[in-house]
Amino acid sequence: MLKTLMMSAAVGTLMVSGALAQANPPTMSPAAPAAKAAAAPVDSAKFIQAQGTDQWVFSKFKGTDVIGPDNAQVGDVNDVLFDKSGKIVGLIVGVGGFLGIGEKSVAIDMSAFQPVPADTGSSSAGGNSAVSSSSNDPTNVKLKVSWTKDQLKSAPDFQYYKPPSRTTERPASSPTTGMAPRPASPGAER
């Protein structure tokens with residue numbers, strides 16, 4: 001009973017101290033917000049206020065159909081590859097497979113893609129009414145490449161970067177617990 005009472009008191013104290021810590025935010029001097037605002041003027045920030053008709057957002061771009069020279073679907077956009085400066089290097093296109101199983105990833109340079117209207121070519125969706133109703137949306141596109149599906153299947157497979165595995169030298173006699181081996185007992189040497 002005493003143990004339960006002590007545990008309840010400890011938990012109650014922790015809950016109250018957390019609530020008090022949240023209820024009393026630190027006060028800042030009036031000069032501190034002004035100094036903070038002066039440190040990062042809005043004029044020098046690089047904000048983009050709206051998407052243009054010639055710009056795409058990745059959330060809408062992912063899954064975009066990639067069509068070949070005969071306007072048949074050859075794959076879809078799975079990922080984007082960009083460098084540390086933010087320049088898009090290429091798109092990773094999933095080719096072949098069924099429902100993601102057996103699909104091959106091929107990275108294609110951005111210069112190889114030509115945006116075409118979304119109603120171009122065949123689609124796996126069949127006569128989807130959402131595609132025809134959004135045909136006046138310039139950001140709803142498909143990407144056309146000059147390769148066929150078979151050519152992309154034979155293209156080099158894209159390999160995502162995998163950091164090197166950490167290898168450490170372990171003595172053969174040490175156990176997996178990380179403890180040093182036990183010295184042999186004096187009676188075992190006889």
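**Close-ups of a pocket and a surface patch**

By class, eight nonpolar residues, one polar and one charged make up the lining of the second largest pocket. Keep in mind that this is a predicted model.

**View 1. The second largest pocket and what lines it.** Zooming in, we get about 250 Å³ of space in this pocket. Its lining includes a run of neighbours in sequence, Asp54, Gln55, Trp56, Val57 and Phe58. Phe61, Val80, Ile88, Leu91 and Met110 complete the set. Two elements, α3 (58-61) and β3 (88-95), give two or more residues each to the lining of the second largest pocket.

**View 2. A nonpolar patch on the surface.** Here we're looking at Phe82, Ile88 and Met110, which together offer about 270 Å² of accessible area. Two of these names should ring a bell: Ile88 and Met110 also line the second largest pocket.

**View 3. Met110 up close, in its loop.** Met110 sits between β4 (104-109) and β5 (114-117). Is Met110 buried, partly exposed or exposed? Its relative accessibility is 31%, so Met110 counts as partly exposed. That residue belongs to the surface patch with Phe82 and Ile88, and Met110 is also among the residues lining the second largest pocket.

**View 4. Stepping back to the chain, with its five helices and six strands.** Follow the sequence and the pattern goes α-α-α-β-β-β-β-β-α-β-α. Of the 190 residues in the chain, 17% are buried.

How values were computed
Residues are numbered from 1 along each chain as its sequence is written. This is a predicted model: local features need pLDDT of at least 70, side-chain atom pairs count only at pLDDT 80 or more; totals for chains, interfaces and linings use all residues. Side-chain values use heavy atoms; hydrogens and water are left out. Patches are made of residues with over 30% relative accessible area and no salt bridge: like charges are joined within 9 Å, nonpolar side chains (Val, Leu, Ile, Met, Phe, Trp, Tyr) within 5 Å. Accessible areas come from the Shrake-Rupley method with a 1.4 Å probe; for residues, only the protein chains shown count as cover. A salt bridge is a side-chain nitrogen of Lys or Arg within 4 Å of a carboxyl oxygen of Asp or Glu. Helices (H or I, at least four residues) and strands (E, at least two) are DSSP runs, numbered from the N terminus. Buried means under 20% relative accessible area, exposed over 50%, partly exposed in between (1.4 Å probe, protein chains only). On a 1 Å grid over the protein atoms alone, a cavity is a set of points where a 1.4 Å probe fits but cannot get out, and a pocket is an open set with protein on both sides within 12 Å along at least five of seven lines; lining residues have an atom within 4 Å of a point. Grid points are joined across faces, edges and corners, and a volume is the space filled by probe spheres set on the points. Ala, Val, Leu, Ile, Met, Phe, Trp, Tyr, Cys and Pro count as nonpolar, Asp, Glu, Lys and Arg as charged, and the others, Gly among them, as polar.
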